[in-house]
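User: Could you walk me through how to read the sheets and the chain contact in this model?
Analyst: Gladly; let us open it and go feature by feature.

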Amino acid sequence: MPETAIELVDVNKWFDDFHVLKDINLTVNTGEKVVICGPSGSGKSTVVRCINRLEEHQKGVIRLNGVELTNDPRSISSIQGDVGMVFQQFNLFPHLTVLDNLTLGPMKARSLSRSDAEDRARHYLERVRIPDQVDKKPSQLSGGQQQRVAIARSLCMEPKVLLFDEPTSALDPEMISEVLDVMVELATEGMTMIVVTHEMGFARKVADKMIFMDEGEIVEQAAPEEFFGNPRTERCRKFLSQILQH
Amino acid sequence: MKKLYISLSCFLLLAGCGSSGTWGWYVINPMTKGGWTNVKFLISGMASTIQISVIAAAISIILGLLVALPGQSSKRGWRIVSRIYVEFIRSIPLLPMLFWVFYGLPLIFKSMGLNIPIDPFWGAIITLAVSDSAFTAEIYRSGIQSISKGQTEAAQTVGLSYAQTMRYVILPQAIRRILPPIANQFIYIVKMSAFASVIGMQELTRRANELVVTEYRPLEIYSLLIVEYLILVLIISAGVRWLERRMGSDERK
């Protein structure tokens, strides 16, 4: 019996009158990789943002390693750091060097000493293949490098789960693969991952489970072979043909 | 345009020097013994004006932040408290507030059984600092809000608390955008410190008033007074430009 890392049961969310998430049910086991796709505005980012408490849900239950996430500030701060997040816009801290970007969380939230935090930072920078840029500011790096620094920043918190919110959507085409390569490597090392992306090549390679969302609902949920080979719903078939036609 | 200003001011200054009656620049002519004494008397208010302004600005910068931060809170109660403070304080004109603090506040202290005298020096500082803090708070607010929401979210996902996010992520970035309007407020404080003269504070304006009463040469004395403020403000502006250049180069590096 695999261990459940994340569990969403009948999760609902509204932005004022707009019903963004409708009865979302999703289970992610430890070590599993889940790819979420769907048209823009379908609520896929919102699902991910509810899991790390950047957004509140109004109905239903979200559990992380068996512990229910409430809107109590203590519950919020206890999970943040355990759930890493990689953003579409990188969101690196522009006033800090690459090294300081990586050590800030471990030093302030995990009370690591500076030297321990720096050792850890250098270790993860090597893993994302940018060991020799530690003293640069983020603005001096390319988009692909910035996103890999952002991934390393999340890894420095040694999270149990890593969430990706369209990590390659803001990148120039030639930089997408360097980021995806790092993500594939993480996936093969057994990291639990939820990835919102339209990179279907990546999805085929690493996903254990594919999820298609539309208008706030999970329309289809299947293993990748079945998902790509034989989509059951018309909406999903149409979406796939649109993004795969190139 | 520049030439016009220079010739106009030369005309104004020189117009009366040699001619009859209406002009009397001799009162502030540093070449004569009496004139020099007068000029020294006027300039001697400078120290008080600078002290009041600097202390008031320092308090206002801290107080403004303490008002602005609850205004960014996710708790509605805190936001309302901050809002009420800003709206209330910035609607009070400086002069009535000065009277209230100087003449009124000691009575409140007395009714509470406290014997805290308020001298003109601290009366002026409290008034200037509190009055200015409402504006400083608004400057902080706009500076903090100008930093993208993604920065706060990224800070949260690496486990930082609200206070840590402000301290290490938001404020260091906001400070560059906040500096120019804060400097503006400092200039405003220097000028408004002139009001302290009405509660007897011996600063630039008070000195000028006293000299006018004895010499009865308002035009000449107040002209010098204006020049004194002008010099103060020009020095501050130069200092701020220097600071901005330094911080700007830091960002490009």
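**Reading the interface and the sheets**

Analyst: Let us start where the chains meet: there is 1 salt bridge between chain A and chain B. Keep in mind that this is a predicted model.

User: Which residues form that salt bridge?

Analyst: The partners are A:Arg49 and B:Glu153, and their closest N and O atoms lie 2.6 Å apart. Polar contacts are a separate count: 7 residue pairs, with both residues at pLDDT 80 or more, are found across the interface of chain A and chain B.

User: Which elements of chain A supply at least two residues each to the side that touches chain B?

Analyst: Those are β6 and α3 (98-109) of chain A. The largest share comes from α3(A), with 4 residues. Sorted by class, the side of chain A that touches chain B holds 10 nonpolar, 7 polar and 4 charged residues.

User: How is the size of an interface often given?

Analyst: Often as the accessible area that is lost when the parts come together. Here, chain A and chain B bury about 1,700 Å² between them, and 58% of that is on carbon and sulfur atoms. Counted by residues, 21 of chain A are in contact with 19 of chain B.

User: Now the sheets. What is the strand order in the sheet of 6 strands?

Analyst: Reading across this open sheet of chain A, the order is β6-β7-β8-β3-β9-β10, and the pairing is mixed. Its edge strands, each pairing on one side only, are β6 (83-86) and β10 (217-222) of chain A. From one strand to the next, the twist averages 20 degrees.

User: Which helices pack on that sheet?

Analyst: One is α6 (residues 173-188) of chain A, which touches β3 (33-37), β7 (161-165) and β8 (192-196) of chain A. The direction of α6 makes about 145 degrees with that of β8(A). Another is α9 (residues 234-244) of chain A, touching β3, β9 and β10 of chain A, with its direction at about 100 degrees to that of β9(A).

User: How many bridges join β9 to β10 in chain A?

Analyst: There are 5, and the two strands run antiparallel, with β9 covering residues 209-214 of chain A. To find the register, look for A:Met210, which stands opposite A:Ala222 in β10(A).

User: What does a regular strand do with its side chains?

Analyst: They alternate between the two faces of the sheet. With that idea in hand, let us turn to the other sheet. It is an open sheet of 4 strands in chain A, ordered β2-β1-β4-β5, with antiparallel pairing. The edge strands here are β2 (18-29) and β5 of chain A, each pairing on one side only. Helix α1 (residues 44-51) of chain A packs on this sheet, touching β1, β2 and β4 of chain A, and its direction makes about 120 degrees with that of β1(A).

User: Where should I look for the register of β1 and β4 in chain A?

Analyst: Try A:Leu8, whose bridge partner in β4(A) is A:Ile62. In total, 5 bridges join β1 (residues 4-15) to β4 (residues 59-64) of chain A.

User: And what happens in the hairpin of β4(A) and β5(A)?

Analyst: The strands have 2 residues between them, and A:Asn65 takes a positive phi near 50 degrees. The bridge partner of A:Leu64 in β5(A) is A:Val67, and 2 bridges join β4(A) to β5 (residues 67-68) of chain A.

Notes
Residues numbered from 1 in each chain as written. Chains lettered and ligands numbered in written order. Predicted model: local features only at pLDDT ≥ 70, side-chain atom pairs only at ≥ 80, totals over all residues. Heavy atoms only, no water. Pairing = 2+ DSSP bridges. Axes fitted to C-alpha atoms, helices over the stretch in contact; angles between N-to-C directions. Contact = heavy atoms within 4.5 Å. Buried area = accessible area lost by both parts, 1.4 Å probe. Salt bridge = Lys/Arg side-chain N within 4 Å of Asp/Glu carboxyl O. Polar contact = N/O pair within 3.5 Å; in protein donor to acceptor, adjacent residues only side chain to side chain. Nonpolar A, V, L, I, M, F, W, Y, C, P; charged D, E, K, R; others polar.
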